[in-house]
Amino acid sequence: MSQAPLFSSIHRYAITEINEIQFNDTVLKANRPVLVEFVANWCGPCRLISPTMESLAQEYEDRLTVAKIDHDANPRLIEEYKVYGLPTLIHFKNGQEVPESRREGAITKVKLKDYVDALLESISVS
């Protein structure tokens, strides 16, 4: 009798990778909050927080969509949302960027959870 792999129940990719074409439907028309992560393959801090973002996406998958956008492949979004540093996190709700939600640079798992919890709390009362 063979056993299932130890990690088979873990959703390996809880983050949705999207592009400029998918942005409107995935982010702006979403019926729940979306945390957008702007990243690049050459970005060290982006790679550093990648496992943390995956973990967060899995933990919050019932309340939040996490979407990843490649900086180099989506110049229109980079310009439109004025993404200057990487990684950049922007929270969206009801098709709009949540005021004061933008965060740039690497972040620890504890601070990331605090950030997301505070955002979810603030938008649930508005």
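**Exercise 1. Which handedness does the unit made of strand 2, helix 2 and strand 3 have?**

Solution. Strand 2, helix 2 and strand 3 form a right-handed β-α-β unit. Right-handed here means that, with the strands pointing away from the viewer, the path from the first strand over the helix to the second runs clockwise. Helices (H or I, at least four residues) and strands (E, at least two) are DSSP runs, numbered from the N terminus. The model is predicted: local features need pLDDT of at least 70 and side-chain atom pairs pLDDT 80 or more, while totals for chains, interfaces and linings use all residues. Residues are numbered from 1 along each chain as its sequence is written, and side-chain values use heavy atoms, leaving out hydrogens and water.

**Exercise 2. Find the strands that pair with strand 3.**

Solution. Let's take one partner at a time, where pairing requires at least two bridges found by DSSP.
- Strand 2 pairs with strand 3 in the parallel sense, over six bridges; Val39 stands opposite Asp70.
- Strand 1 (residues 16-18) runs parallel to strand 3 and is joined to it by three bridges; Ile18 has Ile69 as its bridge partner.

Five of the six residues of strand 3 (residues 65-70) are buried, where buried means under 20% relative accessible area, exposed over 50% and partly exposed in between (1.4 Å probe, protein chains only).

**Exercise 3. Compare the span of helix 2 with the expected value, and locate its bend.**

Solution. First, the expected span is 1.5 Å times one less than the number of residues. For the 16 residues of helix 2 this gives 22 Å, and the end C-alpha atoms are 24 Å apart, which agrees. Next, helix 2 bends by about 40 degrees at Ser50, with Pro51 following within four residues; the bend is the angle between axes fitted to the seven residues ending there and the seven starting there.

**Exercise 4. Which residues of helix 4 are buried, and what do they pack against?**

Solution. Start with the list: Leu112, Tyr115, Val116, Leu119, Leu120 and Ile123 are buried. They lie on the same side of helix 4 because they cover an arc of only 125 degrees around the axis, taken from the directions from the helix axis to the C-beta atoms. On the other side, Val110, Lys111, Glu121 and Ser124 are exposed. Finally, the buried residues pack against strand 2 (34-39), helix 2 (44-59), strand 4 (88-93) and strand 6 (103-104).

**Exercise 5. Is Val36 of strand 2 buried or exposed?**

Solution. Val36 has a relative accessible area of 0%, so Val36 is buried. Beyond its neighbours within four places in sequence, its contacts (heavy atoms within 4.5 Å) include Phe23, Ala67 and Ile90. Val36 and Ile90 are 54 residues apart in sequence, yet 5.2 Å apart in space, C-alpha to C-alpha.
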